[in-house]
Number of protein chains: 2
Amino acid sequence: MANVVLINPFEVPEGQEDEALQVWKRAADFLRQQPGFISTKLHKAITPNARFHLINIAEWETAEHFQAASSSAEFQKITAGSMEAYPHYPGLYQLQAL
Amino acid sequence: MANVVLINPFEVPEGQEDEALQVWKRAADFLRQQPGFISTKLHKAITPNARFHLINIAEWETAEHFQAASSSAEFQKITAGSMEAYPHYPGLYQLQAL
């Protein structure tokens with residue numbers, strides 16, 4: 001079965017870009033050590049009016065691997081308060097056959 | 001200079017997935033013939049509660065190439081009404097140096 005793709009768009013209030021980036025880095029450092037992690041790439045908007053300032057695109061072996069990692073106590077601790085500070089919308093995706 | 005990445009999350013009302021996909025395919029068929037187009041990949045949510053049912057990730061040589069293609073009369077015609085039917089949030093991104 002193909003890998004799954006986690007796509008996570010972040011709304012970042014103006015002036016809080018650096019802090020959001022630090023939280024993301026701490027979360028990424030944890031996630032990349034977990035079973036099933038393949039890769040992660042953070043994308044930064046270059047258009048000033050983009051609704052989502054940051055979008056993370058990561059690959060995991062399976063949905064279950066990502067769900068286990070992201071529901072762990074360690075991950076919850078690192079990201080505590082981040083949903084309120086930087087509303088984000090993580091979802092798991094597969095490439096659509098065209 | 002590195003390529004730019006277009007990321008476009010779509011909110012698709014339940015039951016309208018097939019129609020949204022058809023609109024996307026017509027738009028993609030046009031865009032892939034335009035100068036500066038590199039690639040496009042449509043991602044479909046596998047988590048039932050994902051806010052964005054479809055997310056497109058495309059690469060273009062420059063922001064100007066994408067902006068020229070997407071502001072063309074032909075593209076506007078293909079996608080007429082789609083912002084209301086499937087709210088979406090296109091933005092141009094670059095990979096964040098970590």
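In which sense do strand β4 of chain A and β2(B) pair, and over how many bridges? Strand β4 (residues 91-95) of chain A pairs with β2(B) in the antiparallel sense, over three bridges; two strands count as paired if DSSP finds at least two bridges between them. The model is a predicted one, in which local features need pLDDT of at least 70 and side-chain atom pairs count only at pLDDT 80 or more, while totals for chains, interfaces and linings use all residues. Residues are numbered from 1 along each chain as its sequence is written, and chains are lettered from A and ligands numbered from 1 in the order in which they are written. Helices (H or I, at least four residues) and strands (E, at least two) are DSSP runs numbered from the N terminus.

**Symmetry**
- Chain B is superposed on chain A by a rotation of 180 degrees with 0.0 Å of shift along the axis, at an RMSD of 0.0 Å; this is the relation of a two-fold axis.
- The superposition is by least squares on the C-alpha atoms of residues with pLDDT of at least 70 in both copies.
- Within chain B, the residue that comes closest to the rotation axis is B:Pro9, with its C-alpha at 4.3 Å.

**Interface**
- Chain B and chain A contribute 26 residues each to the contact, where two residues are in contact if their C-beta atoms, placed from the backbone, lie within 7 Å.
- On the side of chain B that touches chain A, β1 (4-10), β2 (37-45), β3 (54-60) and β4 (91-95) of chain B each supply at least two residues.
- That side of chain B comprises 17 nonpolar, five polar and four charged residues; Ala, Val, Leu, Ile, Met, Phe, Trp, Tyr, Cys and Pro count as nonpolar, Asp, Glu, Lys and Arg as charged, and the others, Gly among them, as polar.
- Because 100% of the interface residues of chain B are also interface residues in chain A, the copies meet through the same surface.

**Barrel shared by the two chains**
- Eight strands form a closed barrel with antiparallel pairing, in the order β1(A)-β3(A)-β2(A)-β4(B)-β1(B)-β3(B)-β2(B)-β4(A).
- Neighbouring strands of this sheet are turned against each other by 35 degrees on average, direction ignored; axes are lines fitted to C-alpha atoms, for helices over the stretch in contact, and angles run from 0 to 180 degrees between N-to-C directions.
- Where β4(A) meets β2(B), A:Leu95 stands opposite B:His43.
- β2(A) and β4(B) are antiparallel over three bridges, with A:His43 opposite B:Leu95.
- Within chain A, seven bridges join β2 to β3, and A:Lys41 has A:Ile57 as its bridge partner.
- β1(A) and β3(A) are also antiparallel over seven bridges, and here A:Pro9 faces A:Ile55.
- In chain B, β1 and β4 pair over three antiparallel bridges, with B:Ile7 opposite B:Gly91.

**Helix packing and core**
- Helix α2 (residues 63-70) of chain B lies across β1, β3 and β4 of chain B, at about 45 degrees to β1(B).
- β3(A) is mostly covered, with six of its seven residues buried; a residue is buried if 20 or more other C-beta atoms, placed from the backbone, lie within 10 Å of its own.
- The largest nonpolar core (buried Ala, Val, Leu, Ile, Met, Phe, Trp, Tyr and Cys residues joined through C-beta atoms within 7 Å) has 45 residues, and A:Leu6, A:Ile55, B:Leu6 and B:Ile55 have the most contacts inside it.
- Apart from neighbours within four places in sequence, A:Ile55 is in contact with residues of both chains, including A:Phe10, A:His43, B:Ile7 and B:Tyr93.

Note on methods. Buried ≥ 20, exposed ≤ 12 C-beta atoms within 10 Å, placed from the backbone.
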